[in-house]
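Dear colleague,

Please find below the structure I am handing over to you, together with its sequence. I would be grateful if you could read the notes that follow it alongside the model.

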Amino acid sequence: MCNLDKKTTITIRDVAKRAGVSPSTVSRVISKNPRISKATRDKVINCMEEMGYYPNAIARSLANKKTGNIGVIMPTTSEDVLLNPFFPEALRGIVNGASKTGYDILLSTNSEKGEELKVIQNFIRASKVDGIILMSSKVDDECIEYLCSADFPFSLIGSPYKYAENINHVDNDNYMAAYELTRYLSMTGRRNFAMIAGDGNLMVTQKRVEGFINALAESNLKFNRDYLFMGSFDEKTGYKYGEMIVNLNPRPDALIVTDDLVAYGAVRLLEGLGINIPEDISVASFNNSSLSRHSNIPITSVDINSAELGKEALNLLVDAIENGTRGRKVIIPYTIFRRKSTEI
């Protein structure tokens, strides 16, 4: 459990009392016994939802609800998330890990922004999966709150905002990656830095921004909040903020972007305006995707080992499902690949 400071723990007996049925009837509803009428089943399920009760791992086992499936929850945005190279790579690691452990993958298909929780609730209530992998971590994440309260096995790619000691998660040291990247650019003589970051509500964004700011301070360089831009992890964000950065006075001579897809858009915008990279402005990014390697001007990028993140998230989840393990943390190393976009 994630220690959510609940005043009381809801039990099957509590649900039964509220629904006006026996505890054994509630158990039969949980196990989907065909002898329970639809009216009774609906009444019990409604009471469970109203009271915030969901079968814990022991109840699921007793109810023989093993599915052999693992649910993977993709972030829902207005853009096609699979266009960002991080997610296919992480999924590749998850699939490879699942093939070795005998589980099948059920990928969330909801496309409405902010609807991840509904997908998770559907997976659990319909007994579709034995556990869930969350592909990102937000501040005050309602999905994490829900999974903790339900004591449902899950793992997280990223660092939790809270309950870290009770949540299986895998991550890079994003603070140090951004810190090291910024320090490297400062040692090449760059003095005026801008940053295009991702969603400010994501833990990965917060850690990278923190590393960036502290590296500037330790390099005796000024951090100007007007030179920090937050946006989505898509190419349009790169174009949008690239144009704004060009018009800053003074114009930055270094740009750090927290995602290759965004950096690709920014570099194309800068090239189109006749700005020389890296002579006029150095550009560095994260993920070391094919976009960074095969851009017209190859982009210096941090390889976060996306496939390894996915594989370890799968392994952590299997450990949670099969052994009840909670609170394991795995840190995947990163590597900075220096390319033409920063090397004069």
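The notes below go from the whole chain to individual elements and residues.

The model is a predicted one. Mean pLDDT for the chain is 90, with 91% of residues reaching 70 or more. Two segments call for caution. Over residues 3–7 the pLDDT stays under 50, and the model has eight contacts beyond four places in sequence for them. Residues 60–64 also have pLDDT under 50 throughout, with seven contacts beyond four places in sequence. Where pLDDT is low, the predicted coordinates should not be read in detail.

Overall architecture

The chain has 344 residues, of which 53% count as buried. Its secondary structure consists of 13 helices and 12 strands. Taken along the principal axes, the C-alpha atoms fill a box of roughly 75 × 40 × 30 Å. Of the contacts between residues at least 6 apart in sequence, 71% join residues at least 24 apart.

Helix H13

Helix H13 covers residues 306–323, and its 18 residues should span 26 Å at 1.5 Å a residue; the C-alpha atoms at its ends are 25 Å apart, in agreement with that expectation. Because 13 of these 18 residues are buried, H13 is largely enclosed by the rest of the structure. Gly324 follows the helix and has a positive phi, near 70 degrees.

Backbone exceptions

Most residues other than glycine have a negative phi, and most peptide bonds are trans. Several sites in this model depart from that pattern, and they are set out here.

- The peptide bond from Asn249 to Pro250 is cis, with omega near 5 degrees. Pro250 belongs to the loop between helix H10 (235–246) and strand S8 (254–257).
- Ile277 and Pro278 are joined by a cis peptide bond whose omega is about 10 degrees. Pro278 sits in the loop between helix H11 (260–272) and strand S9 (282–286).
- Asn220, although not a glycine, has a positive phi of about 60 degrees. The loop that holds Asn220 runs between helix H9 (203–218) and strand S7 (228–230). With a relative accessible area of 73%, Asn220 is exposed.
- Asp140 is likewise not a glycine, and its phi is positive at about 50 degrees. Asp140 is placed in the loop between strand S3 (131–134) and helix H7 (142–149). Its relative accessibility is 48%, so Asp140 counts as partly exposed.

Cavities

Asp140 appears again in the lining of a cavity. The count of cavities of 30 Å³ or more comes to two, and the second largest has a volume of about 50 Å³. Lining this second largest cavity are Lys138, Asp140, Asp141, Ile144, Glu145, Pro160, Tyr161, Lys162 and Tyr163. By class, the lining divides into five charged residues, four nonpolar and no polar ones.

A buried serine

Is Ser295 buried or exposed? At 8% relative accessibility, Ser295 counts as buried, since the cut-off for that class is under 20%. Ser295 is in the loop between helix H12 (290–294) and strand S10 (300–303). Leaving aside residues up to four places away in sequence, Ser295 touches Tyr264, Val267 and Ser290.

With kind regards

Key: Residues numbered from 1 in each chain as written. Predicted model: local features only at pLDDT ≥ 70, side-chain atom pairs only at ≥ 80, totals over all residues. Heavy atoms only, no water. pLDDT = per-residue confidence, 0-100. Contact = heavy atoms within 4.5 Å. Helix = DSSP H or I, 4+ residues; strand = E, 2+ residues; numbered from the N terminus. Expected span 1.5 Å × (residues − 1). Buried < 20%, exposed > 50% of the residue type's maximum accessible area, 1.4 Å probe, protein only. 1 Å grid on protein atoms, 1.4 Å probe; cavity = no way out; pocket = protein on both sides within 12 Å on 5 of 7 lines; lining within 4 Å. Points joined across faces, edges and corners; volume = space filled by probe spheres on them. Nonpolar A, V, L, I, M, F, W, Y, C, P; charged D, E, K, R; others polar.
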